[in-house]
Amino acid sequence: MESLRDERVDLEVVSTDLVYEGAVWDVRSDTVRYGDGEMTRQYVEHPGAAAVVAIDDEGRVVLIQQYRHPIKERDWEIPAGLLDVAGEPPLETAKRELTEEVDLEADRWQHLLSMHTTPGGNNEVVHLFLARGLREVETDYEREHEESDMRVERVPLDDVIDGVIAGRLRNGILAAGALAAAEVLRREAASA
């Protein structure tokens, strides 16, 4: 069997309507030809994002906690941000977000994975990166709204994994990033 992979399908779009235009993302309704008929689906049109699993020399992950209104919780996350700068590659977005959100830069960067967050409801793709060789930097970035009272902690990777598995940490991007980073580190240790 060839390597297992998702398969791109380009269906004929019979009609598309902008249902709602938002500040960050839009809601679209598409009717497409599928098989012998047509189907209509609504979805959130999203610019995509980049996220960072930043691990310090003690094996701790840099986490942020901030309020997220749709879930009405202050959830734990990894630094992340929208791909909202025209022409900026996801890695550069990740670097910018690490500096803007937690005043850090990293010497070593590695792509972990790219994932569809909710393929039944939006077209968002998040690119996750592993950052190591962390160093603090001073920035004049002004944090506002949910970022204004953001909490930053460094947590051992094993504790993060335990929290994900126990269901205490439910942010999908955090979960995917932490599990992928743990596997990368495990493979590195095994080949050393």
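**Chat about helix packing and a pocket**

Reply: Happy to start with the helices of this predicted model: the axes of helix 2 (residues 157–166) and helix 3 (residues 172–191) come within 10 Å and cross at roughly 135 degrees.

Me: Nice. How are helix 2 and helix 3 set to each other, then?

Reply: Oblique: angles over 145 degrees would count as roughly antiparallel and 65 to 115 as roughly perpendicular, so helix 2 and helix 3 are oblique to each other.

Me: And is the crossing left-handed or right-handed?

Reply: Left-handed, as helix 2 passes helix 3. On the helix 2 side, the contact is made by Leu157, Val160, Ile161 and Val164. Helix 3 brings Leu174, Ala175, Ala178, Leu179, Ala182 and Leu185 to that contact.

Me: What classes of residue are in the contact of helix 2 with helix 3?

Reply: Ten nonpolar residues, with no polar and no charged ones.

Me: Let's zoom out. How many helices and strands does the protein have?

Reply: Three helices and ten strands. Reading from the N terminus, the order of elements is β-β-β-β-β-β-β-α-β-β-β-α-α.

Me: Handy for setting up a box. What do the C-alpha atoms fill?

Reply: A box of roughly 55 × 50 × 35 Å, taken along the principal axes.

Me: Now pockets. What volume does the second largest pocket have?

Reply: About 910 Å³. The second largest pocket is lined by 20 residues, and Arg8, Val9, Leu11, Pro119 and Asn123 lie nearest its centre.

Me: Which strand gives the most to that lining?

Reply: Strand 3, with four residues. Strand 2 (26–34) and strand 3 (37–45) each supply at least two residues of the lining.

Me: What about the lining by class?

Reply: The lining of the second largest pocket has eight nonpolar, six polar and six charged residues.

Me: Switching topic: where is tyrosine 20?

Reply: Tyrosine 20 sits in strand 1 (residues 13–21). Leaving out residues up to four places away in sequence, tyrosine 20 touches Asp26 and Val27.

Me: And how far apart are tyrosine 20 and glutamate 124?

Reply: In sequence they are 104 residues apart, and in space 17 Å, C-alpha to C-alpha.

Note on methods. Residues are numbered from 1 along each chain as its sequence is written. This is a predicted model: local features need pLDDT of at least 70, side-chain atom pairs count only at pLDDT 80 or more; totals for chains, interfaces and linings use all residues. Side-chain values use heavy atoms; hydrogens and water are left out. Axes are lines fitted to C-alpha atoms, for helices over the stretch in contact, and angles run from 0 to 180 degrees between N-to-C directions. Angles under 35 degrees count as roughly parallel, over 145 as roughly antiparallel, 65 to 115 as roughly perpendicular and the rest as oblique. A crossing is left-handed if the near helix is turned anticlockwise from the far one by less than a right angle, and right-handed if clockwise. Contact means heavy atoms within 4.5 Å. Ala, Val, Leu, Ile, Met, Phe, Trp, Tyr, Cys and Pro count as nonpolar, Asp, Glu, Lys and Arg as charged, and the others, Gly among them, as polar. On a 1 Å grid over the protein atoms alone, a cavity is a set of points where a 1.4 Å probe fits but cannot get out, and a pocket is an open set with protein on both sides within 12 Å along at least five of seven lines; lining residues have an atom within 4 Å of a point. Grid points are joined across faces, edges and corners, and a volume is the space filled by probe spheres set on the points.
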